[in-house]
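Please examine the model shown below. The questions after it concern its secondary-structure elements and chain contacts.

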Amino acid sequence: MLEIRDISFSVSDQERDKEKGILEHVSFTLEDNKFVAITGPNGGGKSTLAKIIAGIEKPTEGRIFFDGQDITDWSITDRAKAGISYAFQQPVRFKGVTVFDLINLAAGREISLSGACQYLSEVGLCAKDYINREVNSSLSGGEMKRIEIATVMARGTRLSVFDEPEAGIDLWSFQNLIHVFENMNKERKGSILIISHQERILNTADEILVIAEGKLVKRGSREEVLPGLLQEADGADGCQIWKQGGVK
Amino acid sequence: MDSIQKNLLEAISGLHEIPEGAYNIRTDGKTEARNSTENIEIVPRESGDGITIHIKPGTKNESIHIPVVLSKAGLKETVYNDFYIGDDCDVTIIAGCGIHCGTADDSQHDGIHSFFIGKNSKVKYIEKHYGSGDGSGERIMNPETVMEIGEDSYMEMDTAQIKGVDSTIRKTTAKLAKGAGLKVTERLMTHGNQTAKSVFFVDMNGEDSSTNLISRSVAKDNSYQLFESNINGNAKCSGHSECDAIIVGDAKVSSVPGITANNSDAALIHEAAIGKIAGEQIVKLMTLGLTEEEAEEQIISGFLK
C-alpha cells in the first residue's frame with residue numbers, strides 16, 4: 001500500500017523572487033491491487049507527483065509510506081528495489097543499449113530471449129523485429145512508449161506508475177496502447193497508478209483522482225467522477241471546473 | 001608462452017591456445033608461432049620487422065590471426081604487416097596488440113598494417129588493443145592502417161582500445177576504387193592521464209564508392225582524445241562519419257570533422273556529439289533498480305559495445 005501524506009512541492013521562481021508551489025498538501029492512499037488514474041489540467045502537478053513517488057524529486061514537505069515504511073528519504077534505486085516502477089512520459093534513449101538489454105536490466109535477472117519477447121508481444125510489438133534493436137533515435141515515439149511499458153511489465157513490481165503513456169503517440173498506436181492497459185487491468189499483478197487525460201484509460205480505472213493547481217480536488221470511484229468530468233469537459237469554461245474544486 | 005603473455009593474448013584475440021588456420025603470433029619482438037595454409041601464405045620480411053601475407057584469389061571463409069604481445073618492459077618496436085588479398089575473397093583478419101608493463105620503462109609497439117585488396121572481395125579486419133601491468137612505464141601503441149580497396153570490394157574494420165594504453169596515435173588511410181565500400185567502427189576508452197589521437201584520411205576515388213566511419217569513445221579522469229576525419233569525395237560517392245564521445249570527470253575531447261567534396265555528385269555527412277552521460281539515462285536505469293555507479297557502467301559498456 002502506498003500512502004501519500006500531506007505532500008507539498010515548490011520550486012524557486014527567480015523572476016518573482018519567491019517560491020512557486022507545484023503541489024500543495026496532497027494526501028491519498030493507494031490500496032493494493034487497485035487501478036487508479038490521476039487526471040487534471042496540464043501544469044497541475046501530476047507528473048511531479050509521479051516523480052516524487054519514484055524518488056526522482058524530493059517533496060518540500062510531507063511523507064511517503066510504502067507498505068508502512070517511510071520511504072521519503074529513500075533513493076530512486078532503493079524504491080525500485082522495494083517494488084516501485086515508473087514509466088517515463090518521455091522514454092529515455094540509449095546508444096548501444098538494445099531492447100533486450102533494457103528488458104533484462106528491468107527484469108533484474110538473466111531472462112531468455114523468448115522471455116523478453118513475451119513482454120514485447122504483450123505491448124503489441126513484433127518481438128523479432130525489435131529485440132536486438134538499439135533503444136536509440138531510430139525508434140519512433142510510439143515504439144519507445146511501448147518498450148517503456150514493456151520494461152515496467154518485466155519488472156513485475158507491486159506498484160507501477162505510468163506518466164501519460166498516451167502522450168506523443170499516434171492514434172493507431174493509441175488504440176493498441178489502450179488494449180495493453182485493459183489487459184493489465186484484467187490480469188492485475190499489482191497496483192497501477194496512471195496519469196492520463198484519455199477517457200478510455202480513465203474508463204478502466206477503479207478510482208479517479210483529479211489534481212488541479214497543485215491540489216487534490218476530487219477523488220472517487222470511476223462511476224462517481226468520470227461522468228461529471230466528461231460533462232464538464234464539454235462545457236465552455238473548463239478552467240472554472242478545476243478552480244472551483246473539481247467536478248461536483 | 002608464460003601466463004602474462006597468455007593473458008594478453010586472450011584479452012586481445014580471445015585465443016586460449018594456437019588458433020586454427022593461418023596465424024602469426026609475435027611475442028616480445030620475435031615470432032612465437034606461424035602457420036600458412038593452402039590459400040594463405042605468411043612470409044617474414046627479410047628485415048625481420050614484420051610479415052607479408054598473400055591471400056590467393058577466391059579464398060573464402062578463412063581467417064588469419066596475427067596477435068602481438070609485449071610483456072618485456074622497455075621494448076620498442078615497429079612492425080610492418082602487408083596483406084595482399086586477391087580477387088573474389090571473403091576473409092577475416094584478427095589482429096591485436098597487448099602490452100604488459102611491470103616496470104618504469106616505457107614499452108612501445110608501432111604496427112603498420114597495409115591492405116591491398118583486389119576486386120570483388122570482402123575483408124573483415126578486427127583489431128584490439130590492450131595494456132596491463134602496474135609499472136609506471138608508459139604503454140604506447142601507434143597503429144597505422146593503410147587500405148587500398150579495389151573495385152567492388154568491401155572492407156570492414158572494427159577496432160577497439162578499451163583499457164590500459166597510455167598513449168596512442170592512430171592513423172587510418174584508405175583509397176577506394178569504383179564501387180568499393182569501407183566501414184570503420186572505432187571504440188576507444190581512455191582513463192587516467194592517457195591520450196589518444198585518431199586521424200582518418202579517406203579518398204573516395206571511384207564512382208559509387210562509399211564510406212562510413214563510426215567512432216564511439218569514452219574519456220575518463222584527466223584523459224584527452226582527438227578525433228579527426230578527412231573524407232574526400234573525388235567522384236560520385238557517399239560518405240558518412242559519426243563521432244560520439246562521452247566525457248566522465250575532467251577529460252577533454254576534441255572532434256574535428258573534415259569532409260571535402262571534389263565532385264558535385266559526392267554526398268558527404270558528418271555528425272559529432274560530445275557530452276556527459278545524460279542525467280535522465282542514469283535516472284531511468286536507477287528506476288530499474290541499478291545504483292548510480294551500476295547505471296553509469298552499464299551506459300558506458302553499452303555505448304562501447
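The following turns treat the sheets, a helix pair and the interface.

This is a predicted model, in which local features need pLDDT of at least 70 and side-chain atom pairs count only at pLDDT 80 or more, while totals for chains, interfaces and linings use all residues. Residues are numbered from 1 along each chain as its sequence is written, and chains are lettered from A and ligands numbered from 1 in the order in which they are written.

Q: In the sheet of order β2-β1-β4-β5 of chain A, which strands stand at the edges?
A: This open sheet has 4 strands with antiparallel pairing; strands are DSSP runs of E of at least two residues, and helices runs of H or I of at least four, numbered from the N terminus. Two strands pair if DSSP finds at least two bridges between them. Two members have a single partner strand each, so one side of each lacks a neighbour in the sheet: β2 (18-30) and β5 (69-70) of chain A.

Q: Which residue of β2(A) stands opposite A:Ile4?
A: Strand β1 (residues 2-13) of chain A pairs with β2(A) in the antiparallel sense over 9 bridges. The residue opposite A:Ile4 is A:Phe28.

Q: What is the order of the 6 strands in the open sheet with mixed pairing in chain A?
A: The edge strands, each pairing on one side only, are β6 (84-87) and β10 (215-221) of chain A. Strands β7 (residues 159-163) and β8 (residues 191-195) of chain A pair in the parallel sense over 5 bridges. The full order is β6-β7-β8-β3-β9-β10.

Q: At what angle do the axes of helices α2 and α3 of chain B cross?
A: Axes are lines fitted to C-alpha atoms, for helices over the stretch in contact, and angles run from 0 to 180 degrees between N-to-C directions. The axes of α2 (residues 279-287) and α3 (residues 292-303) of chain B come within 9 Å. Their crossing angle is roughly 115 degrees.

Q: Which element supplies the largest share of the side of chain A that touches chain B?
A: Here 20 residues of chain A are in contact with 17 residues of chain B, contact requiring C-beta atoms, placed from the backbone, within 7 Å. The elements that each supply at least two residues of the chain A side are α2 (76-82), β6, α3 (99-107) and α6 (141-155) of chain A. The largest share, 4 residues, comes from α2(A).

Terms used: Contact = placed C-beta atoms within 7 Å.
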